[in-house]
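Dear colleague,

I am passing on to you the structure we spoke about, with the sequence alongside, and below it you will find my notes on what turned up when I went through it. Please read them with the model open.

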Amino acid sequence: MIVAIDGPAASGKGTLARRLARHYGLRHLDTGLLYRAVALKLIHRDMLEDAEAGAEEARHLDPAFLSDSALRSEAAGAGASVVSSYPQVRQALLEMQRRFAAEAPGAVLDGRDIGTVICPDADAKLFVIASPEERARRRALELESRGEEVDEAAILADIRARDHRDMNRATAPLKAADDAVTLDTTTLDADAVFAAAIAIIDGLTGRTPAS
Ligand code: CDP
Ligand code: CDP
């Protein structure tokens, strides 16, 4: 079973994907981390503009690096949004993601192009959205809880810029697959989103909900 979760920054994809993976006994891949990792490597080499160097980093990505806490920074996120527009980088990361998805017992992948490009045959596809203001609020709360200083207006501006770049790039832009179910989470908390997602997935895969 493969579940594809796509959506814009801070829509709650990662939180939902983790919970779904646990619920269904599947593995989970936060594909944003792959782009963040490539970006961070390039930033350290002062080569963020170099698509070929990015592809090279992508081909040699060490899975252990994906748990580095530096990947969570806003700088890594903004850098990821730059390197993710390089077709060479996307191509270099594509096979790795497909291999991960294909391994038994299956997986939940979250990102921007899982339902459209990486796993077009996924058993269930969710497109998770929320208003930019709500997403900025969530990201601000998250940073605050980590003790970081927060400028919510700057976060909102970053989210809008990232949405624009992600939706307008030529290769694998952020958009819902034709057969994805859109879940607007603007007024829902994480528990409500999880419950709605399970109902949708069980319906799509013909599962009977566990009581
Ligand atoms: O957590 P957040 O949604 O802010 O970001 P992320 O999912 O870690 O992704 C960071 C950036 O990587 C995004 O802005 C996208 O440009 C890019 N990305 C992508 O292009 N394709 C994916 N499957 C996942 C991430
Ligand atoms: O992966 P993505 O960037 O889409 O978002 P996330 O990191 O899963 O979620 C961003 C923040 O929103 C986290 O702090 C969540 O606890 C919170 N949140 C959520 O995930 N879902 C809601 N419906 C409401 C808040």
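How far is an oxygen atom of ligand 1 from an N or O atom in the side chain of R139? The separation is 3.1 Å, and please keep in mind with this value, as with the others here, that the model is a predicted one.

R139 is not alone in facing ligand 1 with a polar side-chain atom, since R90 places one 2.8 Å from an oxygen atom of the ligand, and an N or O atom in the side chain of R169 lies 2.9 Å from an oxygen atom of ligand 1. Of the 530 Å² of accessible area that ligand 1 has on its own, the protein covers 95%. The shell around this ligand counts 18 residues, of which R36, S84, R90, D166 and R169 come nearest. By class, 9 residues of that shell are charged, 5 are polar and 4 are nonpolar. Two or more residues each are given to the shell by α2 (32–44), α4 (74–83) and α8 (152–168), with the largest share, 3 residues, coming from α2. The space that ligand 1 takes up is the largest pocket.

Ligand 2 also sits in the largest pocket, and its shell has 14 residues, with A10, K13, G14, T15 and L188 coming nearest. Here the polar contacts I can report involve the backbone: a backbone N or O atom of A10 lies 2.9 Å from an oxygen atom of ligand 2, one of S11 lies 3.1 Å from an oxygen atom of ligand 2, and a polar backbone atom of G14 is 2.8 Å from an oxygen atom of the ligand. The protein covers 77% of the 530 Å² of accessible area that ligand 2 has on its own. At least two residues of its shell come from each of α1 (13–24), α7 (132–145) and α9 (190–205), and the classes are 5 nonpolar, 4 polar and 5 charged residues.

As for the chain as a whole, its secondary structure comes to 9 helices and 5 strands, which follow one another from the N terminus as β-α-β-α-α-α-α-β-α-β-α-α-β-α. The radius of gyration is 17 Å, close to the 17 Å that the globule rule gives for 211 residues, so the chain is as compact as a globular protein of that length. Along its principal axes, the C-alpha trace spans about 55 × 35 × 30 Å.

With best wishes

Terms used: Residues are numbered from 1 along each chain as its sequence is written. Chains are lettered from A and ligands numbered from 1 in the order in which they are written. This is a predicted model: local features need pLDDT of at least 70, side-chain atom pairs count only at pLDDT 80 or more; totals for chains, interfaces and linings use all residues. Side-chain values use heavy atoms; hydrogens and water are left out. A residue is near a molecule or strand if one of its heavy atoms lies within 4 Å of it. A polar contact is a pair of N or O atoms within 3.5 Å; within protein, one must be able to donate a hydrogen and the other to accept it, and residues adjacent in sequence count only if both atoms are side-chain atoms. Accessible areas come from the Shrake-Rupley method with a 1.4 Å probe; for residues, only the protein chains shown count as cover. On a 1 Å grid over the protein atoms alone, a cavity is a set of points where a 1.4 Å probe fits but cannot get out, and a pocket is an open set with protein on both sides within 12 Å along at least five of seven lines; lining residues have an atom within 4 Å of a point. A molecule sits in a cavity or pocket if more than half of its atoms lie within 2 Å of its grid points. Helices (H or I, at least four residues) and strands (E, at least two) are DSSP runs, numbered from the N terminus. Ala, Val, Leu, Ile, Met, Phe, Trp, Tyr, Cys and Pro count as nonpolar, Asp, Glu, Lys and Arg as charged, and the others, Gly among them, as polar. The radius of gyration is taken over C-alpha atoms; the globule rule is 2.2 Å times the number of residues to the power 0.38.
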